[in-house]
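Let us walk through this model step by step. Keep the sequence and the 3D view side by side as you read.

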Amino acid sequence: MARLTVVIGFMGAGKTTLARELADARGVRHVDTDALLVTRFGKTIPEVFAGEGEAAFRAAEEEVVLGVLDGAQGEDAVVSLGGGSVLAPRVQAALAGHTTVLLDVPLDVAWSRAAGRDRPLARDRDAFAALHAERQALYESLAGAHLPQGDTGVIVRADGALRTLADAAEGTRLVWASAASGEYPVFVGRGVLALAGALPGLEGRSFCVTDSAVAEHHLGASLSASLSGLVEIPPGEGHKTLATAERVWHALVAQGVTRADHLIALGGGVVGDLAGFCAATFQRGIPIVQAPTTIVSQVDSAYGGKTGVDLPEAKNYVGAYHQPAAVLADTTTLATLPLEEHAAGYAEVVKTALIAGGPLWETIAAGGAVDDDVILACARTKLAVVAADERDGGRRQVLNLGHTVGHALEVSLGYGTLRHGEAVGLGLLAALRLSGLSDLRGQVETLLADAGLPTRLEGHDVDPEAIVAATRLDKKRTTTARTPFVLVREAGDVVHGQDVADDDVALAVRELVA
């Protein structure tokens with residue numbers, strides 16, 4: 001049986017249009033199941049709903065869709081399904097043998113496209129919104145690839161990644177990331193490091209930047225075979241410096257790297273940030289593939305293009321925006337993490353869930369495990385924010401929730417005294433106190449403690465006034481006034497640019513050392 005490319009999504013997502021574009025670009029047949037149903041009934045779908053009823057339509061729809069999915073007969077076609085066709089369990093099962101592409105569409109966009117066009121399920125705004133929310137989880141559970149709302153050419157530009165996905169290990173998921181400066185594929189799943197030598201759009205040779213601890217565990221035969229060179233750096237935040245970056249630049253020169261080549265950053269946030277900065281600046285910019293190996297990096301730092309190094313005075317103070325050419329989040333790499341690193345990554349998961357709200361927050365608040373689904377949801381949350389604001393001009397600042405105090409703690413106590421995630425967890429507690437949300441703060445404190453993260457700064461000599469002073473060097477500050485804070489109204493409603501008095505910040509910090 002051929003592996004079809006099947007496009008699913010809610011009303012107004014553009015399934016028919018984009019599926020036809022992809023089929024035309026590939027030179028294959030496009031099959032639209034709604035068009036087949038119109039031919040079968042000899043009338044329009046609204047007329048079928050009005051005459052025979054929705055139940056009769058769904059029964060015929062299931063039969064038609066199964067006939068297409070099960071009867072491919074070696075044909076490499078692109079299929080667009082009606083929005084409700086995936087409600088049938090037999091259709092859900094049949095999709096498992098194909099590459100299923102979800103076109104994400106926000107509620108407001110879907111309504112603007114569907115309302116007033118005689119669609120039987122798009123006549124009442126409230127009912128439409130409820131249906132959109134009800135179906136979203138099902139769509140996401142079926143999708144092998146997630147494409148954001150975009151222009152009509154997005155599915156063609158993602159075609160190389162879709163073909164790579166079709167040949168990837170079972171369970172691999174793809175997210176197509178989009179930002180003002182470019183687009184790239186994100187692959188999440190077990191064993192996706194093996195895709196490093198087959199990524200679309202990347203030519204030239206691959207050179208890996210990693211640290212000595214990661215190299216021991218993850219520089220396996222499948223990855224090494226695709227490499228033309230290797231640069232190892234010492235592990236730890238203390239080595240995320242200009243001096244280390246200079247060592248990497250010199251090593252790249254010595255190994256003959258050119259602008260036609262690309263780097264692979266294999267490691268956690270330190271390696272990703274530093275290698276990304278080196279790629280952004282070496283010969284004025286070469287491509288980089290982020291291959292994150294920690295929870296922190298797989299849920300957060302590998303995406304969005306922020307790169308840089310630390311200064312003694314402040315964290316991530318020298319850097320550049322440089323979007324990756326691809327991200328390979330191989331979740332098997334997490335098995336080698338020490339328990340403390342697992343816990344540190346959990347703080348970023350909690351932060352992302354607070355920003356996302358909805359199902360992701362519900363999962364984390366209930367004590368859900370950080371599995372592949374959670375990692376994918378975190379990645380999609382961050383990528384959606386970055387798509388709206390690549391350069392931190394507004395909305396992207398919400399991703400710094402917990403980081404203003406967290407970074408100040410890292411600088412004041414000395415890099416490496418606290419793991420980044422440990423500092424962020426404490427910063428989250430401070431931010432929730434400043435938000436005036438005692439109950440939510442208590443809930444988050446319990447989640448962090450249960451994960452093995454510190455909720456108090458025990459055993460450290462901390463001067464709250466020094467922490468307040470360190471927050472004034474936060475990169476969000478654009479005037480001589482106080483640094484704006486990111487605060488929470490409720491899970492899923494996080495706001496940036498909030499003015500907070502120094503005395504209030506000091507009180508929130510004192511609570512952490514009490």
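**Charged pairs and nonpolar cores**

Start with E465 and R510, whose side chains meet in a salt bridge, with 3.1 Å from N to O. Keep in mind that this is a predicted model. The two partners link distant parts of the chain. E465 belongs to helix α21, residues 464-471. R510 belongs to helix α22, residues 502-513. In sequence, 45 residues separate them. Is E465 buried or exposed, or something in between? E465 counts as partly exposed, because its relative accessibility of 42% falls between the limits of 20% and 50%. R510 is also partly exposed, at 38%.

Some salt bridges share partners. In this way E237, K240, D273, D310, K315 and E410 are joined into one network. How many salt bridges does a search of the whole structure find? The count is 33.

Now find K306 and D392. Their side chains form a salt bridge too, at 2.7 Å from N to O. This pair again links distant parts of the chain, 86 residues apart. K306 sits in strand β12, which covers residues 306-309. D392 sits in a loop between two helices, α17 (372-388) and α18 (403-413). The two ends differ in accessibility. K306 is partly exposed, with 31% relative accessibility. D392 has 18%. That value is under 20%, so D392 counts as buried.

Next come R419 and E422. They form a salt bridge in which the closest N and O atoms are 3.5 Å apart. R419 is partly exposed, with a relative accessible area of 31%. E422 has 13% relative accessibility and therefore counts as buried.

Turn now from charged side chains to nonpolar ones. The largest nonpolar core holds 73 residues. Which of its residues touch the most other members? They are V186, V350, I364, L401 and V444. Which helix gives the most to this core? Helix α19, residues 420-434, does so with nine residues.

Look closely at V350. Set aside its neighbours within four places in sequence. V350 is then in contact with W361, I364, L428, V444 and L448. Two of these contacts, I364 and V444, were named above with V350 among the residues that touch the most other members of the core.

Apart from this core lies another one, of 68 residues. Among its members are F10, Y139, L193 and I264. Find these four in the view to place the second core.

Note on methods
Residues are numbered from 1 along each chain as its sequence is written. This is a predicted model: local features need pLDDT of at least 70, side-chain atom pairs count only at pLDDT 80 or more; totals for chains, interfaces and linings use all residues. Side-chain values use heavy atoms; hydrogens and water are left out. A nonpolar core is a set of buried Ala, Val, Leu, Ile, Met, Phe, Trp, Tyr and Cys residues joined through side-chain atoms within 4.5 Å. Buried means under 20% relative accessible area, exposed over 50%, partly exposed in between (1.4 Å probe, protein chains only). Helices (H or I, at least four residues) and strands (E, at least two) are DSSP runs, numbered from the N terminus. Contact means heavy atoms within 4.5 Å. A salt bridge is a side-chain nitrogen of Lys or Arg within 4 Å of a carboxyl oxygen of Asp or Glu.
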